[in-house]
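Biologist: Could you zoom in on one small spot for me, then walk outwards from there? I'd like the cut-offs as you go.

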Amino acid sequence: MDTRTEGIRVTPYPFSAVVGLADLRLALLLTAVSPAVGGVLVRGEKGTAKSTIVRALAALLPDVAVVRGCRFACDPAAPDPACPDGPHAPDSPHFRRPATLVELPVGATEDRVVGTLDIQRALADGVKAYEPGLLAAAHRGVLYVDEVNLLPDHLVDLLLDAAAMGRAHVERDGVSVKHAARFLLVGTMNPEEGEPRPQLVDRFGLVVTVAAPRDATDRAEVVRRRLAYEAGPDAFAARFAGDERELAARIAAARERLPRVALPDHELDRIARVCLAYGVDGMRADIVVARCAVALAAWHGRDVVTADDVRDAARLALPHRRRRDPLDPPGTDEEKLAEALAEADAQQQEAEREAPPRPGGATDTGSGDDTDPEDDPPSPGGGPGGGGPGPDDRGPAPRPNGGGDSPADHGPGQEQASKPPAGGQEQPSPAAAAPAGAAYRTRNLSIARRGVGGHAGKRSPAYARRGRVVGSRVPQGKLAGAPHLPATLRAALHRRGRDARTGSVVHPRDLREAVHVGREANLVLFVVDASGSMAARKRMTIVKTAVLSLLRDAYQRRDRIGMITFRGHEAERVLPPTSSHEVGVMRLASLRTGGRTPLAAGLRSAAATIATERRRDPRRRPLLIVVTDGRATSGPDPVTVAPALAGVSTVVVDCETGPIRLNLAGRLATALGADLMPLEALEMRGAAA
């Protein structure tokens, strides 16, 4: 909801008062100049002003003229011909209002995002009663998605489709509605809570990684300004009002200049060479860099794109597109990007030397290196402490901490995963971490019982909002899912005759909604034997390959994961439950072996972890995968721990090898009521990894 136009007025924190964050400020301003850039994804740890600066952006946007009474914010000068509230006459009454800032909550449903059709009125009265969603509310404004990495993938796809096409399309039960949905899309996320999928990140035009200031003076200034804002928001905003007006005027001027900016062929060639040298897939990167470079030229008051514009655009638009494998660690490869830019410059210079002279003596305006700084209009001062974009804001500043390394990559516990447990003195020096082999496609390990209202995913069967229709039910209040038309008609025919008062065959009380069975995501908790016996005959390499394959499978099925290892006399939770599958891969890679086998300790730790996660998220069902040969050489008999895991769906992966087998894993599986699967049976044969 836009807090400036609804309810109590809240004075936003001024955009120019934010300290530092040069890359982020520039990316947001460029998106404000040209929404075609494709939106901004902001990655950063908690407490880095991500939400503050995004909310401040809306105040800089120009006011918009809106047709009075139109729920879709049509422009009276160019109304949408397909507007559901239209058609609008050219002289329709209108008014001006600030651009809206719409925030999409993490728990939003698809109906809330795109809007919904009132099925009851459609059946009873035969009319299209469409209730607009958040996309309609964000039209010609800003759509802000906090914690975008926690949204279901289909909702993120839907948002990105609307942002790219400029239209929202709602289709339900044969009735369709289309309306304009052009907005600035900004998403923020904390990498500690899991990375979005690379194919979704690729669809954001620009991605910026932010971090808290590492300079004591800057940190003190941040606190000083925040306390001043909280003590008197209006007075604090007044201090930066001049800077805000200058920024807003510069955005408006850049928008007006944008259609006149030319992109010379030699700079377009440079963009193609940079993208090729950086090794990105597809053509989206080239298009985004071109649009961003044009927006940069317009922002700096130039009519022609220069080499500097291309370089700065590449730094904002390319680094996040190099991640090939979904389980690769995220982050930017600054060195590789610098090499790609240098290689592209060298190729460009060579091509220019070999090219014949252009007719008419045309001058190369794209060198960029000797651009007259006076070509740039003066930029706002930014207030005390350099909060606003300064005169040198033509390019992104160096990224703090060397780029986009996720805090989760260096979080507590990573080093501990490599240390021997306190009781592991049986082996003087633990074996070096064994490498994992190439991952393969695994069999689907799932929970047999159907879940109810779980998280959307691809693992275990569950009643869901979409999937195979297995029945119908009377809606509890407003219709939540799709209507079950045959059941609705049967209910209507079951009544006696026709209601003379309304002349309607179908009454709202006849409505039945469909019951679907789909798939849900689970918490997949790995309990892995890391004792000395696993180091024999390269067994740990085989086990790590199996666990890596299961991690990839969990990623593809949208699961949360956790990992517990046991060796010596204790168990260690090397990876608390998380959505960061790439962190799980790094923890697995550093896993060492050695010591005795405290299997019972590993199971007790698993029971405690599952109990904690059930209290935190009771809707997510756990799937326990125990990777062991069943031997227990330290601690009590693991069978005695089985009651603590009663009711937990468990799979025991038997790692025992050799001609003589004791079937201890089978004994454990029986005690746990678990499925038993030999390690060699985990791979789905004949399928590509």
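Why does A49 count as partly exposed?

Modeller: A49 is partly exposed because its relative accessibility is 31%. On this scale buried means under 20% relative accessible area, exposed means over 50%, and partly exposed is what falls in between, with a 1.4 Å probe and protein chains only. A49 sits in the loop between β1 (40-44) and α2 (50-57). Its phi is near 70 degrees, a positive value in a residue other than glycine. Helices (H or I, at least four residues) and strands (E, at least two) are DSSP runs, numbered from the N terminus.

Some ground rules before going on. This is a predicted model, with local features needing pLDDT of at least 70 and side-chain atom pairs counting only at pLDDT 80 or more, while totals for chains, interfaces and linings use all residues. Residues are numbered from 1 along each chain as its sequence is written, and side-chain values use heavy atoms, with hydrogens and water left out.

On confidence, the chain's mean pLDDT (the predictor's confidence in each residue, from 0 to 100) is 78, and 79% of its residues reach 70 or more. Residues 360-431 fall below 50, though beyond near neighbours in sequence this stretch has 161 contacts in the model; a contact means heavy atoms within 4.5 Å.

R558 also has a positive phi near 70 degrees without being a glycine. R558 is partly exposed, with a relative accessible area of 26%, and its place is in the loop between α16 and β17. That β17 is joined to β18 by 5 bridges, with the two strands running antiparallel; strands pair if DSSP finds at least two bridges between them. One of the partnerships links T565 to E572 in β18. The two strands make a hairpin with 2 residues between them, and G568 in the turn has a positive phi of about 70 degrees.

The hairpin strands turn up again beside helix α17 (residues 581-589), where 7 of 9 residues are buried. Among the buried ones are H581, E582 and R587, and the cover over α17 includes α16 (539-556), β17 (560-567) and β18 (570-578).

Back to loops for a moment: G86 and P87 are joined by a cis peptide bond, with omega about 0 degrees. P87 lies in the loop between β2 (64-67) and β3 (94-97).

Now the interior. A nonpolar core is a set of buried Ala, Val, Leu, Ile, Met, Phe, Trp, Tyr and Cys residues joined through side-chain atoms within 4.5 Å. The largest one has 68 residues, and F15, L24, L206, W299 and L318 have the most contacts inside it. Helix α12 (residues 284-299) supplies the largest share, 12 residues. R250 lies over the face of W299, 3.9 Å from the ring centre; the test is NZ of Lys or CZ of Arg within 6 Å of the ring centre and within 35 degrees of the ring normal.

There are also 4 aromatic pairs. Rings of Phe, Tyr and Trp (its six-membered ring) pair if their centres lie within 6.5 Å, with planes under 30 degrees apart stacked, over 60 edge-to-face and the rest tilted. Y229 and F236 have planes at 75 degrees and centres 5.9 Å apart, so they are edge-to-face. F236 and F240 make a tilted pair, 5.1 Å centre to centre with 50 degrees between the planes. Both F236 and F240 are buried, and Y13, Y229, F236 and F240 form one aromatic cluster.
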